[in-house]
Amino acid sequence: AALCYLRGRIYEELENLNQAVFWYQQALLKDIMCFDALARLVEGTIMSRVQRYDLIKLIRPDFSEIQGSSGANAMSPITTSPQNWLRLLYSAYIASDCMTSIELEPSSNNIGKATEKSVAGKERCIAVEFILRHLESEYLLFNHLYLLTCRARFEYEKRDYNTCVLVSEKLAKLDPHFFQFVPVFAASLLELGRKLELFS
């Protein structure tokens with residue numbers, strides 16, 4: 001996994017992004033705990049949104065353990081793994097970072113496609129919500145930094161800026177040197193008109 005990750009880094013530096021994506025994915029296939037590879041895939045700009053959802057399939061989380069989640073079931077369970085909590089966390093991390101925005105007002109000149117996009121966005125929204133709740137309730141990851149980061153990003157994508165700020169403030173208290181949530185935190189404060197707090 002380490003060698004695959006290093007190859008990915010080399011190709012990324014050479015700006016051969018297709019090969020970089022391939023080797024980062026191979027690193028995850030070799031070792032699901034290779035978070036550095038996931039971070040390069042998700043936090044960078046080397047993958048499209050479609051590729052990121054394909055990455056969820058590659059990670060192969062078992063959504064069937066989440067009972068009563070129509071949205072999660074729609075993402076189709078593939079396999080069971082003793083590290084499934086980590087695979088679910090990765091899936092939430094990817095999806096919360098690239099959810100299709102829910103269109104509340106479909107375009108009048110293309111209502112069919114807009115409605116389809118809205119439904120897809122809502123299904124993904126439901127899926128991420130159930131994954132987050134499951135990880136919080138079943139695995140007791142209430143104060144896990146990356147789970148809270150997923151929650152902050154998720155609330156921002158839902159345009160629930162107040163909740164995003166509350167989660168972000170909790171993250172800041174848990175670890176003042178953890179900065180993954182800062183972009184959505186700053187954007188939420190801006191949306192709420194609390195610009196002065198950005199510099200406090």
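**Exercise 1. Find which helix of this predicted model has the lowest mean pLDDT and which element has the highest, and then see where the confidence falls below 50.**

Step 1. Among the elements of the protein, the lowest mean pLDDT, 43, belongs to helix α5 (residues 70–73), whereas helix α9 (residues 161–174) has the highest, 96.

Step 2. Around helix α5, the pLDDT is below 50 over residues 68–80, a stretch that nevertheless has 24 contacts in the model beyond near neighbours in sequence.

Step 3. Residues 100–119 also stay under 50 in pLDDT, and for them the model has 21 contacts beyond four places in sequence.

Step 4. For the protein, the average pLDDT is 79, and 77% of the residues score at least 70. Where pLDDT is low, the predicted coordinates should not be read in detail.

**Exercise 2. Work out which side chains E129 meets in salt bridges, and where the partners lie in the chain.**

Step 1. One partner of E129 is R133, with a salt bridge of 2.7 Å from N to O between the two side chains. R133 and E129 are four residues apart in helix α7 (residues 111–138), and therefore about one helical turn separates them.

Step 2. Another partner of E129 is R151, and here the salt bridge spans 3.0 Å from N to O. This pair links distant parts of the chain, since E129 belongs to helix α7 and R151 to helix α8 (residues 145–157), 22 residues apart.

Step 3. To decide whether E129 is buried or exposed, compare its relative accessibility with the cut-off of under 20% for buried residues: at 13%, E129 counts as buried.

**Exercise 3. Follow the salt bridges onward from R151 and determine which network they belong to.**

Step 1. R151 forms a salt bridge with E155 as well, and the closest N and O atoms of this pair are 3.1 Å apart.

Step 2. Both residues of this pair lie in helix α8, where they are four residues apart, about one turn of the helix.

Step 3. R151 has a relative accessible area of 10% and is therefore buried, and E155 is buried too.

Step 4. Taken together, the pairs form part of a network of salt bridges that links E129, R133, E136, R151, E155 and K158. With a nitrogen-to-oxygen cut-off of within 4 Å, the count comes to nine salt bridges.

Technical notes
Residues are numbered from 1 along each chain as its sequence is written. This is a predicted model: local features need pLDDT of at least 70, side-chain atom pairs count only at pLDDT 80 or more; totals for chains, interfaces and linings use all residues. Side-chain values use heavy atoms; hydrogens and water are left out. Helices (H or I, at least four residues) and strands (E, at least two) are DSSP runs, numbered from the N terminus. Buried means under 20% relative accessible area, exposed over 50%, partly exposed in between (1.4 Å probe, protein chains only). pLDDT is the predictor's confidence in each residue, from 0 to 100. Contact means heavy atoms within 4.5 Å.
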